[in-house]
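Colleague: Could you take one part of this model and walk me through it closely? I'd like to hear how a single helix sits in its chain, and then a word on the contact between chains.

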Amino acid sequence: MHKLLNQKPVVLVMTALLLLGLFLLPILVTSPTLMQIFILVILYAYFTSTWNFVGGFAGVLPLGHSAFVGIGAYTSTVLLQTYGLSPWFGMLAGGLLAALVGVIIGLPTLKLRGAYFALATIAVGEGIRVLVENVKEIGPFKINGPSGISIGLSENSFTALQFDTKAPYYYIILIMLILVLLLTYFMMNSKIGYYLAAGGEEPEAAEALGIKVSRYKVIAMAISCFLTALGGTFYAQLILYFYPKSILGLDMSYEIAFIALIGGRGTILGPILGALLLRPVSELTRIYIGDMLPGLHLVIFGLILIIVMRYYPKGLVEPVTHILNKYVIRRFSKTDDLKTNSAADKAD
Amino acid sequence: MPLLEVTNVTKKFSGLVAVNQVSMTVESGQIVGVIGPNGAGKTTLFNCIAGALPPTSGSIMFNGREVAGKKPYEICKLGITRTFQAVKPFGSKTVLYNTMVGAFAQTKHLHEAEHNALEVLKFLHLDHKKDIVSKSLTLPERKKLELARALATKPKLLLLDEVMAGLRPSEVTDMLPIIRKINEAGVTIVIVEHIMQAIMNLSEKIYVVNFGKKIAEGVPHDVVANEEVIKAYLGDEYVATQH
């Protein structure tokens, strides 16, 4: 923990201000449409951060993560509708189920390298979507095939995870994102993080150094799928109506991967930058030209990806941290260093 | 009891016999060399010992335990670590990060791993480069990093696969005392090498392989005088001119 707080004071101040701003945002923004966009930006940053555990650190490119969003959404919803269980409980159940499915898929596929793993995840993701589209019910659970499920309105409460206003949703997903980012930070600075990075980059060398690469990749996959599904439940409760194409489709899987690649894979800041840039694009194209050209946002993403990869192959996180370092952190640190030194002296 | 005892190890790749009934013994504390022309099967033999390839038949005893057919990560945990002929650094990571990956074999705590890794880097005089991203290192530095990472796992036996290949003669001269120093610190070493100067200088005992078979073994001085070895390296006609 001390290492986390052991940053330059200007970084701590900036982070504190950013957090304060984020927590005050719902008070300043009253438009529900705008709030919805903010919520979706954070939700996609969350999905991409959870994707990052496999896609960023384990060195493979999963392109079927909407399957786990869908598992989270469907599990909590059917548990709510069949047994009246709180979505919070359903969220946990969905997470565990997603982790299990993730491990089952990961055991054979994580041994594949590069494009082969990516193709396998597309196949599995699409397979799950087609399966759900063709099944009306599983045992006592009604999933209604292609027409999807709508969640009935209930009272405005935390237990029911339904609210009249956007602000509670915003706070919940914001806190979920912060927790996932903290988890990411601790993982990056632990044995698992080092082993994942090593196994992702040079599997042969990693094995020679005593790392059972496949085991660590499967652990990463389980964590990633579990956390992604928690977001899936949140998403279901936010939109209250979903169908296989909307929540299990490739669109969402691709968007998550696009955000990660454009923002910066395997970094903490990358998913946030990517989501900030891409989410508004897809919302705005959907609102204004969605009827004429559905899927235009993916074309725009592709263009942005080509441009970003051409100049910053590590993602936007590269120029952004460079600029922050050069113009903000260094400029303010000169004076701050003196202050911290004297402060540290006093503390000793 | 020898530290490593390889008995009649054979490795076949669908018809091609890369290693044919090779036996060798390594005592604790020794530096043992394995030489042979290109394609002789040296690296394949290494891969069998390190677990990268399972041998087709034969036994490999390490410290009294059968290790033939075990996975590389299991063998590393038992105390054998290898370096690669074509160096494989974790390119996007720093020298320290690379070495810490090795050090995590002995601990799960970040600080302890960092401490141990720094010690290894100091031992190899690489500590001034600790924050350099490993893909921007020079070749001799990468070779040293390969050593550092392997040493950080605290092996009993270190398998060095051509650590000096591609180095300039002056760089080879720098590398020799480092390898000797590692050995003096208590690590047994098996070294595959093309550079005769290096291997003659370092090894107590040398095994010569050609076409997958062991053709000679003994102290360096005897091995170079061996007819089979001269034939293997220089061709039949040179044997006569020697005498």
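Modeller: Here is a look at helix α6 of chain B, followed by the side of that chain that touches chain A. Keep in mind that this is a predicted model.

Helix α6 of chain B runs over residues 169-184, so to speak a stretch of 16 residues. From first C-alpha to last, α6(B) reaches 23 Å, close to the 22 Å expected at 1.5 Å a residue. Its buried residues are B:M175, B:I179 and B:I182. Viewed down the axis of α6(B), the buried residues fall within an arc of 55°, so they line one face of the helix. That fits the usual geometry: with 3.6 residues a turn, residues three or four places apart in an α-helix point the same way.

What packs over that face? The cover on the buried residues of α6(B) includes α5 (139-152), β7 (157-161), β8 (188-192) and α7 (196-202), which belong to chain B. Turned away from the buried side, the other face of α6(B) carries B:S170, B:P177, B:K181 and B:E184, which are exposed. After the helix comes B:G186, with a positive phi near 105°.

Now for the neighbouring chain. Chain B puts 22 residues in contact with 17 residues of chain A. On the chain B side, the elements giving two or more residues are α2 (72-78), β6 (80-82) and α3 (95-103). Of these, α2(B) gives the most, with four residues. Sorted by class, that side of chain B has eleven nonpolar, five polar and six charged residues.

Definitions and conventions
Residues are numbered from 1 along each chain as its sequence is written. Chains are lettered from A and ligands numbered from 1 in the order in which they are written. This is a predicted model: local features need pLDDT of at least 70, side-chain atom pairs count only at pLDDT 80 or more; totals for chains, interfaces and linings use all residues. The expected span of a helix is 1.5 Å times one less than its number of residues. A residue is buried if 20 or more other C-beta atoms lie within 10 Å of its own, exposed if 12 or fewer, and partly exposed in between; C-beta atoms are placed from the backbone. The arc is that of the directions from the helix axis to the C-beta atoms. Two residues are in contact if their C-beta atoms, placed from the backbone, lie within 7 Å. Ala, Val, Leu, Ile, Met, Phe, Trp, Tyr, Cys and Pro count as nonpolar, Asp, Glu, Lys and Arg as charged, and the others, Gly among them, as polar.
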